[in-house]
Structures are given as C-alpha cells and as structure tokens.
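I opened this structure to look up how its strands are arranged and what packs around them. My entries follow in the order in which I checked things.

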Amino acid sequence: MQRHLVTINGRAHELTDVQFVDLNNFRSEVSRLEPKEYDDFLTTWTAKLVDSSKRGNMLYEIKGIIPKKKFKMLRYVDPSTQKQYLCFVPEEIKSADQGMAWKFYLTEEEYDGINAEA
C-alpha cells in the first residue's frame, strides 16, 4: 500500500490510498460547488452543525477525511447581494460569528458591534 504525504495549512499528513482518494474527491467537489448544492454536499460529507448565529451564519465541521483533522466551513448569506456562500475557516474557530469576524479580520466582539454589514 502506498502512502501519500500532503500538506494542509502548513502541516504534513500521511495518508493511505483510500484517504488520499477521499481527500481528492472532497477537494474536487468543493471546487465546483454551487450554492444550490450546499445541503447535499454537507449531507454527503456528514457535516455536523457546530453553531448558528442570530445573523444566520452557520458553522459546520467535517471529520474523517484525514485522521485527527477537522475541516470547518462557514455558511452565510452576503447581506448586500443576498447570495449564499460556503467557505473554509481555521480549525480553531468555535462559533459562526467568530468565523465571520475572521473573514473580515475582526475580533468576534468587533463583528458583533457591526449593525449592518456592507
């Protein structure tokens, strides 16, 4: 059995053939994902809803693709366009609003103080 060395966020992971294929399938699906497919994608990859906020932001966690690694994804609606988005956030993010704050280079407290996003 061949081992595959991949680097994610600066950290090396050694994967089996099956894990390597799963990771490539995951990456491929993410790269061509459309908003209307978000629910199916999250279900297929057994995403767990970790947190949702009063602003409608939702934080999901996906485990099992790489051992001891969690992928965190933030689902949100852009208030200016009303378009829905799904993006990766760092593994350390614990709440949906903390994920949005991270996207804007703000603290969660600073983000919480924003009344209307541009």
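**The hairpin and its sheet**

I began at the hairpin of S5 and S6, where six residues lie between the strands and where Gln82 takes a positive phi near 65°. I note at once that this is a predicted model, so I read every value here as computed from it.

I then looked at Gln82 itself, which sits in the loop between S5 and S6 and has this positive phi although it is not a glycine. Is Gln82 buried or exposed? I found a relative accessible area of 59% for Gln82, and because exposed means over 50%, Gln82 counts as exposed.

Next I followed the two strands away from the loop and found that S5 and S6 run antiparallel and are joined by six bridges. Among the pairs I looked up, Val77 stands opposite Gln84 in S6, while Lys72 has Val89 of S6 as its bridge partner.

I widened the view to the whole sheet, which is open and made of four strands in the order S3-S4-S5-S6, with antiparallel pairing. S3 and S6 are the edge strands, each of them pairing on one side only. From one strand to the next, I noted a twist that averages 25°.

**Helices against the sheet**

I checked helix H1, residues 17–31, and saw that it packs on the sheet, touching S4, S5 and S6, with a direction that makes about 15° with that of S5. Helix H3, by comparison, lies across S3, S4, S5 and S6 and runs at about 85° to S5.

Which residues of helix H3 are buried? Within residues 96–103, I listed Ala96, Asp97, Gly99, Met100 and Ala101 as buried. I traced what these buried residues of H3 pack against, and the list holds strands S3 (48–52), S4 (58–63), S5 and S6 (84–89), together with helix H4 (108–112). Just after H3, I came upon Tyr105, which takes a positive phi of about 60°.

**Arg75 in strand S5**

I returned to S5, residues 70–77, to look at Arg75, which has its place in this strand. Its relative accessibility is 8%, and because buried means under 20%, Arg75 counts as buried.

What does the side chain of Arg75 make polar contacts with? I found one such contact, of 2.8 Å, with the side chain of Asp39, and another, of 2.4 Å, with the side chain of Gln84. Leaving aside residues up to four places away in sequence, I also listed what Arg75 touches, and the list includes Tyr38, Leu42, Asn57, Met58, Tyr60, Tyr85 and Leu86.

**A last check in another loop**

Where is Thr46 found? I located Thr46 in the loop between helix H2 (38–44) and S3, and its phi is near 50°, a positive value in a residue other than glycine. With 62% relative accessibility, Thr46 counts as exposed.

I close with the two loop residues side by side: Thr46, with phi near 50°, counts as exposed, and Gln82, with phi of about 65°, is exposed as well.

Technical notes. Residues numbered from 1 in each chain as written. Predicted model: local features only at pLDDT ≥ 70, side-chain atom pairs only at ≥ 80, totals over all residues. Heavy atoms only, no water. Buried < 20%, exposed > 50% of the residue type's maximum accessible area, 1.4 Å probe, protein only. Polar contact = N/O pair within 3.5 Å; in protein donor to acceptor, adjacent residues only side chain to side chain. Contact = heavy atoms within 4.5 Å. Pairing = 2+ DSSP bridges. Axes fitted to C-alpha atoms, helices over the stretch in contact; angles between N-to-C directions.
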